[in-house]
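Please open the structure in a viewer and keep the sequence panel at hand. The tour below proceeds by selection, and each stop names what to display and what is found there.

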Amino acid sequence: MDPLASINPYVSLKESPQLVDVYQKLPTGSARFLRYKGREQSPSSSESLLVFEFETRNVVDSKSQYSALSYTWGHPVLVDFKDDMSHAVICNGQRMPIGLNLNDALQHIYVESGIAPPLLWVDAICINQSDLVERANQVRLMTTIYFNAGNVVVWLGKDDSDAHEAHALLSEYIPALKEIALDLIAGNPDIGIRAGMINLYDDAKLHEKYRLTPKSMDSWKALVRFLSRRWFSRIWIVQEMVFNRSHMICCGPLRFNWGDLDTFVSLVFGAQWHGLNFHGLERETIKIAAVFTFHREIRMSATEYSNSDPRFRLLTNEEKLYDFAQSYLLSSAFLEATDPRDRVFALSAFVNAYAAMLDVKPIWLKADYSLQVTEVMLRTAQILLWKTRSLDMLSYVTDLSYREQSDLPSWMPHFHIPGAVASVESLLDMHQGRKYHAGSLSSAEPAFSEVYLHMETPGQELESQGYLLDIVDQVLHFESGLLSILEICLSLPLSYANGQPPAEVLWRTLIAGRTDTDFPAPAETANDFADFVRSGLIGISMEALRSGSKESLTRLFTVLGEIQARCPHPSIPTVHEFKNTLDSVLSDLDGCIQMLTELNANCTYRTMISPTHWGRKGKALFLSRKGFLGLSPHSTQAGDEVWLLKGAKLFHILRGESDGSAGKVLLGEGYVHGFMEGEALKLDGMSYSPMMIK
């Protein structure tokens with residue numbers, strides 16, 4: 001029995017007595033295909049039902065003789081839509097209920113358009129969803145089905161005003177975009193084209209040169225909503241698009257080209273969107289860029305997968321295979337799956353394809369819908385931890401403050417929960433994040449973990465070798481404000497473990513020791529920190545003057561005075577220096593506004609600090625009992641422990657149980673300043689000892 005049968009609307013429908021004879025057992029390597037026979041009037045309504053007959057064929061022997069449909073089971077746009085499955089087709093003489101979107105797709109293919117392939121493969125109909133053995137076998141065959149199809153018909157749903165607006169914008173802008181790209185390459189052959197570098201939004205000169213009509217914000221928002229249709233973010237469409245390059249993308253009567261969409265998103269959208277405000281669609285813009293980037297990277301991995309981790313070149317082919325599998329599992333976590341187990345099963349095709357290229361026999365979980373979600377996730381984690389000998393997976397554990405209740409152990413990322421892993425801002429994913437090597441003396445030197453999973457125990461504990469570096473003494477959240485952050489300088493030792501002064505330790509820790517281009521961060525980054533501090537202090541002062549809060553101003557000058565007296569640093573102004581700055585600001589308020597605007601716009605330090613530090617999903621600042629400063633999960637508390645696990649690139653923050661029971665709870669990854677390049681390995685008396693994570 002499928003423990004998740006309730007989430008598959010087609011399971012119970014296929015169990016009806018009338019359909020028992022429709023689904024005969026399939027020979028190995030074969031699939032059912034639909035052959036269209038015409039229409040028949042429904043006896044219970046005015047609806048005209050499409051009539052099909054099943055043809056069972058060997059998939060490989062039928063290469064290019066059929067089409068495969070790619071679509072969403074649910075509503076193409078609405079997330080919370082409840083489909084009553086009131087539509088139907090006639091299949092082998094029996095009425096078969098289907099969902100709204102599938103009905104729309106079939107009506108378009110066979111009635112409203114001239115597509116009408118002689119044979120069509122549709123998963124919801126051609127697979128007996130109530131037969132777990134057949135369902136698993138057909139899922140394993142799915143790559144072969146899409147690879148051998150003559151083409152893939154993509155159904156995005158019926159057209160609407162957003163689709164028409166998007167189609168009009170793309171039809172005009174894509175030809176010009178290709179021309180612009182060629183001109184840029186010709187003018188800068190050594191630089192190439194970066195993602196998001198072409199501003200088609202409001203660059204008047206570009207519009208004039210290439211004879212483009214400027215589009216309103218409403219048009220751009222319509223495009224965003226169109227590219228946010230649910231089909232784009234389905235996990236199964238990745239293999240449907242990658243393993244067959246012949247696509248017909250339909251949105252009602254409108255046609256789109258995947259290559260054009262990919263080019264447009266890559267060159268125009270980018271990460272910054274050129275400062276445009278999409279008023280409530282910001283998350284959608286980020287997700288669109290992520291979807292197309294993921295597809296692009298998966299396509300490239302078909303020829304050669306590479307990892308920015310310096311040790312990757314030293315891995316064996318088998319280790320590279322499972323590094324790829326882990327990377328795919330993590331990076332696809334934002335994609336949608338009706339069945340959470342499909343996050344693992346949908347990966348099988350790519351694991352097998354990459355294994356064949358590396359000439360490695362893969363060990364991977366085969367599709368089996370009789371398994372519980374936790375079984376699938378734990379078995380997958382076991383394979384990856386065993387084969388990669390890496391603890392990177394532990395960096396994607398959701399923070400305890402918003403971790404959903406689960407039967408999974410604390411060390412296990414919640415791959416099965418939509419968005420859980422994708423929301424984790426891991427230090428490893430930041431620029432230069434792969435250069436951390438806390439558990440080895442060199443970033444190029446492989447340091448492998450030693451772990452054992454106690455799968456036979458109820459808690460599924462992870463046993464490893466670890467070193468307790470220190471205990472957390474103080475925790476500061478970034479929401480506490482700039483003055484609280486600066487006050488950390490007053491608690492740090494005057495000479496840190498690596499000899500750096502308090503202010504330098506602080507500014508380096510806030511950005512996890514790196515910039516977008518360098519690790520460790522170069523010394524001149526202190527100038528960017530100085531701009532960040534000055535801008536923040538001016539903002540605090542102006543707000544205090546506006547609200548008449550003498551306490552805020554008093555505190556500001558007290559903090560600056562104490563830092564000046566104890567540990568002065570050029571990046572933090574003295575009381576006298578800031579009073580002069582404030583006098584200058586008050587004498588020219590218009591100039592002050594312009595200066596603040598420029599500081600905020602050009603403050604590279606602000607962009608370096610923001611990805612990881614704000615809100616519950618970001619990091620907290622902690623000070624340990626020995627005076628070490630670092631970053632830790634938001635839920636960290638005084639008394640939590642800072643551990644270096646053998647072979648780990650980062651530190652991990654663990655919490656012991658109040659009842660003194662064996663095993664610790666993993667809160668998440670951590671950064672400890674001055675110890676991210678193997679320094680802990682050189683400490684007197686340093687040695688690993690067995691430890692258990694629950």
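Which residues of helix H13 (residues 348–358) are buried? Select the helix and colour Ser348, Ala349, Phe350, Val351, Tyr354, Ala355 and Leu358, for these are the buried ones. Please keep in mind throughout that this is a predicted model.

**The surroundings of H13**

Next, display the helices against which the buried residues of H13 pack: helix H4 (132–148), helix H8 (237–242), helix H10 (282–301), helix H11 (317–331) and helix H12 (342–345). Then move just past the end of H13 to Asp359, which follows the helix and has a positive phi, near 60°.

From this group of neighbours, select Thr285, which lies in helix H10. Is Thr285 buried or exposed? Its relative accessible area is 4%, so Thr285 is buried. Add Val265 to the selection: the two residues stand 20 residues apart in sequence, and their C-alpha atoms are 9.8 Å apart in space.

**The whole chain**

Zoom out at this point to view the protein in full. Its secondary structure comprises 21 helices and 17 strands. Of the 694 residues in the protein, 55% are buried. Among contacts with a separation of 6 or more, 73% are between residues 24 or more positions apart.

**Where H5 meets H7**

Now select helix H5 (residues 161–187) together with helix H7 (residues 217–227). The axes of these two helices come within 8 Å and cross at roughly 110°. Because of that angle, H5 counts as roughly perpendicular to H7.

Show the side chains at the contact. On the H5 side they belong to Asp162, Ala163, Glu165, Ala166, Leu169, Leu170 and Tyr173; on the H7 side, to Ser219, Trp220, Ala222, Leu223, Arg225 and Phe226. Sorted by class, this contact of H5 with H7 has 9 nonpolar, 1 polar and 3 charged residues.

Centre the view on Ser219, which is found in helix H7. With a relative accessible area of 6%, Ser219 is buried. Leaving aside residues up to four places away in sequence, Ser219 touches Glu165 and Leu169, and both of these appear among the H5 residues at the contact with H7.

**Aromatic rings**

Remain with H7 for one further step and select Phe226, one of the residues that H7 brings to the contact with H5. Phe226 also forms one aromatic cluster with Trp231, Phe232, Phe256, Trp258 and Phe292; display the six side chains together.

How many aromatic pairs does the structure hold? The total is 27. One of them is formed by Tyr436 and Phe519, an edge-to-face pair with 5.1 Å from centre to centre and 80° between the planes. This pair links distant parts of the chain, 83 residues apart: Tyr436 sits in the loop between helix H14 (373–388) and strand S10 (452–453), while Phe519 sits in the loop between helix H16 (502–510) and helix H17 (525–547). Both members are buried, Tyr436 at 1% relative accessibility and Phe519 with a relative accessible area of 15%.

**Arginines over rings**

The last two selections each join an arginine to a phenylalanine. Select Arg32 with Phe54: Arg32 lies over the face of Phe54, at 5.9 Å from the ring centre. Then select Arg389 with Phe448, where Arg389 lies over the face of the ring at 3.7 Å from its centre.

Definitions and conventions: Residues are numbered from 1 along each chain as its sequence is written. This is a predicted model: local features need pLDDT of at least 70, side-chain atom pairs count only at pLDDT 80 or more; totals for chains, interfaces and linings use all residues. Side-chain values use heavy atoms; hydrogens and water are left out. Rings of Phe, Tyr and Trp (its six-membered ring) pair if their centres lie within 6.5 Å; planes under 30 degrees apart count as stacked, over 60 as edge-to-face and the rest as tilted. Helices (H or I, at least four residues) and strands (E, at least two) are DSSP runs, numbered from the N terminus. Buried means under 20% relative accessible area, exposed over 50%, partly exposed in between (1.4 Å probe, protein chains only). A charge sits over a ring if NZ of Lys or CZ of Arg is within 6 Å of the ring centre and within 35 degrees of the ring normal. Axes are lines fitted to C-alpha atoms, for helices over the stretch in contact, and angles run from 0 to 180 degrees between N-to-C directions. Angles under 35 degrees count as roughly parallel, over 145 as roughly antiparallel, 65 to 115 as roughly perpendicular and the rest as oblique. Contact means heavy atoms within 4.5 Å. Ala, Val, Leu, Ile, Met, Phe, Trp, Tyr, Cys and Pro count as nonpolar, Asp, Glu, Lys and Arg as charged, and the others, Gly among them, as polar.
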